[in-house]
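Hi everyone, thanks for making time. I'd like to walk you through one structure today, so let's bring it up on the screen.

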Amino acid sequence: MKAFKEAGQTLAFLSVGPLGERRAYMDLLLLADPCVEMVERYLGRGVMLAAMENGQAVGVIVAVPEAAECWEIKNLAVREDMHRRGFGRALIAACERECQKRGASRMTVGTADTSHGNLDFYEKCGYRRERVLKNFFTDNYPEPVYDEGEQCVDMIYLGKTL
């Protein structure tokens with residue numbers, strides 16, 4: 001377990017190893033991506049970190065290599081009762097550092113077109129909107145996905161140079 005000082009507080013991060021260990025965090029992962037089958041597609045690849053408080057996981061992030069020197073954040077979730085305490089921003093910062101150690105010079109992240117709060121959050125973390133993947137949620141999920149009370153249709157991709 002590593003400790004990082006982010007946003008004035010010391011947070012502990014656990015680097016999560018093999019797929020079996022990663023599945024233990026499925027409840028948190030499903031907060032950001034409600035389809036187990038979609039999570040399973042990327043869960044065994046790349047970097048996974050868990051933010052810990054008092055021995056309990058309060059947030060997770062998963063990033064995978066997508067191209068030479070470019071990694072994509074596939075999942076970022078923080079327990080609802082822990083929102084607005086700096087865990088999401090700290091997870092992104094820690095993940096960016098871990099990906100840089102593995103050769104990343106660029107990060108991307110995708111979120112739903114209806115996820116206005118997520119879009120604002122990522123932009124505050126230095127990510128900028130780059131492209132739209134039309135009908136991503138309607139074409140790839142077996143059931144409709146909703147966020148902020150609206151059905152998700154398109155995926156908005158944002159990127160950041162590290």
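Let's start with helix α3, residues 36-43, where the buried residues are M38, V39, Y42 and L43. They span an arc of only 130° around the axis, so they sit on the same side of α3. If you turn to the face pointing away from that buried side, you'll find the exposed residues E37 and R41. Before going further, please keep in mind that this is a predicted model.

And what do the buried residues of α3 pack against? Their partners are the helices α1 (19-23), α2 (26-32) and α6 (136-140), together with the strands β3 (47-53), β4 (56-67) and β5.

Strand β5 takes us nicely to the largest pocket. That strand, residues 70-78, supplies the largest share of the pocket's lining, with seven residues. The space inside is about 1300 Å³. In total 45 residues line the largest pocket, and those nearest its centre are A32, L76, T111, N118 and Y122. By character, the lining splits into 23 nonpolar, nine polar and 13 charged residues.

Let me finish with one of those central residues, T111, which belongs to strand β6, residues 106-112. Is T111 buried or exposed? Its relative accessibility is 7%, and because buried means under 20%, T111 counts as buried. Its side chain makes a polar contact with the side chain of N118, at 3.4 Å. Beyond its neighbours within four places in sequence, T111 is in contact with N118, L119, Y122, D154, M155, I156 and L158. Notice that N118 and Y122 also appear among the residues nearest the pocket's centre.

Thanks, and I'm happy to take questions!

Notes. Residues numbered from 1 in each chain as written. Predicted model: local features only at pLDDT ≥ 70, side-chain atom pairs only at ≥ 80, totals over all residues. Heavy atoms only, no water. Helix = DSSP H or I, 4+ residues; strand = E, 2+ residues; numbered from the N terminus. Buried < 20%, exposed > 50% of the residue type's maximum accessible area, 1.4 Å probe, protein only. Polar contact = N/O pair within 3.5 Å; in protein donor to acceptor, adjacent residues only side chain to side chain. Contact = heavy atoms within 4.5 Å. 1 Å grid on protein atoms, 1.4 Å probe; cavity = no way out; pocket = protein on both sides within 12 Å on 5 of 7 lines; lining within 4 Å. Points joined across faces, edges and corners; volume = space filled by probe spheres on them. Nonpolar A, V, L, I, M, F, W, Y, C, P; charged D, E, K, R; others polar. Arc of directions from axis to C-beta.
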